[in-house]
Amino acid sequence: MVKVAVLVSGGGTNLQALIDAQAAGKLGCGQISLVVSSNSKAYALTRAENAGIPSAVVRRKDFASGEEYDLALAQTLKDNGIQLVVLAGFLSILGPKFIEAYRDRIINIHPSLIPSFCGDGFYGLRVHEAALEKGVKVTGATVHFVNEICDGGEIILQKAVYVEEGDTPEILQRRVMEQAEWELLPKATAMICEKIANKK
Ligand code: GRF
């Protein structure tokens, strides 16, 4: 088994997709062992509890510096034997110390086809607002490795989703989640867990 931590900040629908995939035997050798939230009120914590998965809250504001936060977060994960970190709507910035501690072991889901609509400031609804403003006809989601460059790590999986007439950012966000994110994140997690298991 490869121990996976899912880092969240909000509603946790991507976490739910991972939990459901695991229950359906579709997470391969991946095992969701810990959920870490940057926000104590995140509904994702309730999803973890309902699924019987241990959780922790680690908030940036409780630490004097980004470096201390990075080290504390990495320590929490190491203490739990975590081998893969999955960012699923995680809104805190991870610094170089954390990235170094989990080099090539952090993946993220981004709601666009990278390299479009990504990088600094492109998160949540803003991504879909920008896609609609530009008038693209196709958008989608990307799962990628996390490195020091925002949304700049190696791409693992992508899936395209059509923009439709009359779309609002909210409607488009929902379609991208339903048609791409909830499918891609469990798939990519299973793939990377398989690779980690085979390296041992
Ligand atoms: C998703 O759109 C994800 O791509 C982005 O943040 C959103 C998180 O949603 N990074 P949820 O908390 O998984 O419901």
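Begin by selecting the ligand, which sits in the largest pocket of this predicted model. Keep the ligand in view for the first stops of the tour, and then widen the selection to the space around it.

**First stop: the shell around the ligand**

Select G11, G12, T13, N14, G89, I109, P111, M177 and E181, and you will have on screen the residues that surround the ligand. If you colour this shell by residue character, with glycine counted as polar, it divides into three nonpolar residues, five polar ones and one charged one. Now show the helices as ribbons and look for α1, which covers 13-23, and α6, which covers 169-199, since each of these supplies at least two residues of the shell.

**Second stop: polar atoms beside the ligand**

Zoom in on T13, where a polar atom of the side chain lies 2.6 Å from an oxygen atom of the ligand. Move on to N14, and this time look at the backbone, where a polar atom is 2.9 Å from an oxygen atom of the ligand. Then select I109, which has a backbone N or O atom lying 3.3 Å from a nitrogen atom of the ligand. How much of the ligand does the protein bury? The ligand taken alone exposes 370 Å², and 85% of that is buried by the protein.

**Third stop: the largest pocket**

Hide the ligand for a moment and turn to the pocket in which it sits, a space with a volume of about 970 Å³. Its lining is made by 38 residues, and to find its centre you can select G89, F90, L91, N108 and Y123, which lie nearest to that point. G89 is worth a second look, as it is among the residues surrounding the ligand and also among those nearest the centre of the pocket. To see which elements build the lining, highlight α1, α4 (96-101), β5 (106-110) and α6, each of which supplies at least two residues. By character, the lining residues divide into 16 nonpolar, 18 polar and four charged.

**Last stop: the second largest pocket**

Finally, select D104, F145, E154, I156 and I192, which lie nearest the centre of the second largest pocket among the 14 residues that line it. This pocket holds about 230 Å³ of space. Which element gives the most to its lining? Highlight α6 again, for this helix contributes five residues to the lining of the second largest pocket, the most of any element. Coloured by character, this lining shows six nonpolar, two polar and six charged residues.

Notes. Residues are numbered from 1 along each chain as its sequence is written. This is a predicted model: local features need pLDDT of at least 70, side-chain atom pairs count only at pLDDT 80 or more; totals for chains, interfaces and linings use all residues. Side-chain values use heavy atoms; hydrogens and water are left out. A residue is near a molecule or strand if one of its heavy atoms lies within 4 Å of it. A polar contact is a pair of N or O atoms within 3.5 Å; within protein, one must be able to donate a hydrogen and the other to accept it, and residues adjacent in sequence count only if both atoms are side-chain atoms. Accessible areas come from the Shrake-Rupley method with a 1.4 Å probe; for residues, only the protein chains shown count as cover. On a 1 Å grid over the protein atoms alone, a cavity is a set of points where a 1.4 Å probe fits but cannot get out, and a pocket is an open set with protein on both sides within 12 Å along at least five of seven lines; lining residues have an atom within 4 Å of a point. A molecule sits in a cavity or pocket if more than half of its atoms lie within 2 Å of its grid points. Helices (H or I, at least four residues) and strands (E, at least two) are DSSP runs, numbered from the N terminus. Grid points are joined across faces, edges and corners, and a volume is the space filled by probe spheres set on the points.
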